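Me: I am new to this structure and would like to go through part of it step by step. Could you take my questions one at a time?

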Amino acid sequence: MLEIRNLRKRFGEKTALDDVSLTVEPGQVFGFVGANGAGKTTTMRIAMGVLIADSGDVLWDGEPMGHAQRLRTGYMPEERGLYPKMKIGEQLAYFAELHGETPGGSKKAAATWLERLGLSDRSGDFVQDLSLGNQQRVQLAVSLVHDPKLLILDEPFSGLDPIAVDTMATVLSERSAAGVPVIFSSHQLDLVERLSDSVGIIAAGNIVASGSVDDLRRRGNRKLRVSIDGAAPTWADALPGEVANVDEGEWVIDSGDDQKVLAAAMAAGRVTRFGFDEPSLVDIFRETVS
Ligand SMILES: Nc1ncnc2c1ncn2[C@@H]1O[C@H](COP(=O)(O)OP(=O)(O)OP(=O)(O)O)[C@@H](O)[C@H]1O
């Protein structure tokens with residue numbers, strides 16, 4: 001389990017992290033979301049020892065994250081980190097060896113991941129000759145080639161085509177199914193919603209909401225969607241809250257009193273639909289950070 005406890009980090013006058021705590025259980029995919037500058041990269045850099053926190057702790061299975069733990073971690077940094085003039089097959093094998101694999105095991109792992117990510121035929125190419133999306137695939141391979149037991153990925157989906165997104169998503173799900181805690185940041189909230197068991201929303205260096213997307217939905221403000229046959233346009237005028245007539249005979253109502261809305265709807269005509277709209281993660285995010 002990865003535990004991040006009460007991280008604080010200032011850059012001069014700027015407080016990047018005010019109080020960040022989060023937990024990623026074994027086998028859990030944790031989606032880390034927040035506006036630009038909210039503190040995601042800083043948190044991940046501190047977890048990987050690239051930055052030192054002013055205070056707080058990062059623990060893996062109860063032990064402070066140190067060199068031994070980081071050797072077993074797969075990290076995709078936001079700024080990426082490939083050698084442009086090195087062949088990708090050799091580069092992958094090199095990174096595997098840096099993490100303690102034998103030369104033979106490293107070559108085998110490199111070949112396996114190149115094939116998995118659709119890059120076998122590019123093994124002899126220099127990184128600089130690949131498209132940005134393919135460089136990103138190599139970067140993912142680098143973070144996986146030593147069979148890490150923890151994954152920390154900073155915006156792994158940015159710049160990927162839909163096929164590569166699917167491959168990346170499958171790989172993350174497989175790793176988590178194998179018991180690996182996975183934390184990834186992304187601005188693609190549809191993907192975060194689809195892939196994450198748990199989500200943390202960070203704003204101005206504080207975790208402002210966390211839990212499964214379903215938990216966050218339940219905590220959020222849910223709007224009612226009501227369809228009525230034969231209702232006068234003014235039927236909802238006396239209801240508290242916001243009422244929007246979104247289609248012929250269909251209203252979305254943000255009232256806070258579902259029973260009052262139901263009674264008024266039944267008095268207005270024949271109710272053919274009455275239920276809560278499920279907010280998307282985008283809705284939850286907007287509501288939480290605004
Ligand atoms: N090395 C640094 N020196 C000064 N300020 C920094 C440094 N690194 C980050 N910051 C500041 O800390 C805050 C958090 O930045 P961070 O990169 O962690 O945000 P983020 O959530 O990853 O943003 P994005 O989604 O844009 O990548 C920002 O205000 C940023 O300007």
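Me: In what sense do strand 12 and strand 13 pair, and over how many bridges?
Reply: In this predicted model, Val243 stands opposite Ile253 in strand 13. Strand 12 and strand 13 pair in the antiparallel sense, and the number of bridges between them is five.

Me: Which residue takes a positive phi in the hairpin of strand 12 and strand 13?
Reply: The hairpin formed by strand 12 and strand 13 has two residues between the strands. A positive phi near 70 degrees is found there, and the residue that takes it is Gly249.

Me: Which residue is the bridge partner of Val226 in strand 13?
Reply: Strand 11, residues 224–229, and strand 13, residues 250–254, pair in the antiparallel sense over four bridges. Within strand 13, Arg225 has Val252 as its bridge partner, while for Val226 the partner is Trp251.

Me: Which side chains of strand 13 point to one face and are buried?
Reply: In a regular strand the side chains alternate between the two faces of the sheet. Along strand 13, Glu250, Val252 and Asp254 point to one face and are not buried, whereas the buried side chains, pointing to the other, are those of Trp251 and Ile253.

Me: Why is one side of strand 12 and of strand 14 left without a neighbour in the sheet?
Reply: The open sheet has four strands in the order 12-13-11-14, with antiparallel pairing. Strand 12 (242–247) and strand 14 (270–276) stand at its edges, so one side of each lacks a neighbour in the sheet, because each has a single partner strand.

Conventions. Residues are numbered from 1 along each chain as its sequence is written. This is a predicted model: local features need pLDDT of at least 70, side-chain atom pairs count only at pLDDT 80 or more; totals for chains, interfaces and linings use all residues. Two strands pair if DSSP finds at least two bridges between them. A residue is buried if 20 or more other C-beta atoms lie within 10 Å of its own, exposed if 12 or fewer, and partly exposed in between; C-beta atoms are placed from the backbone.
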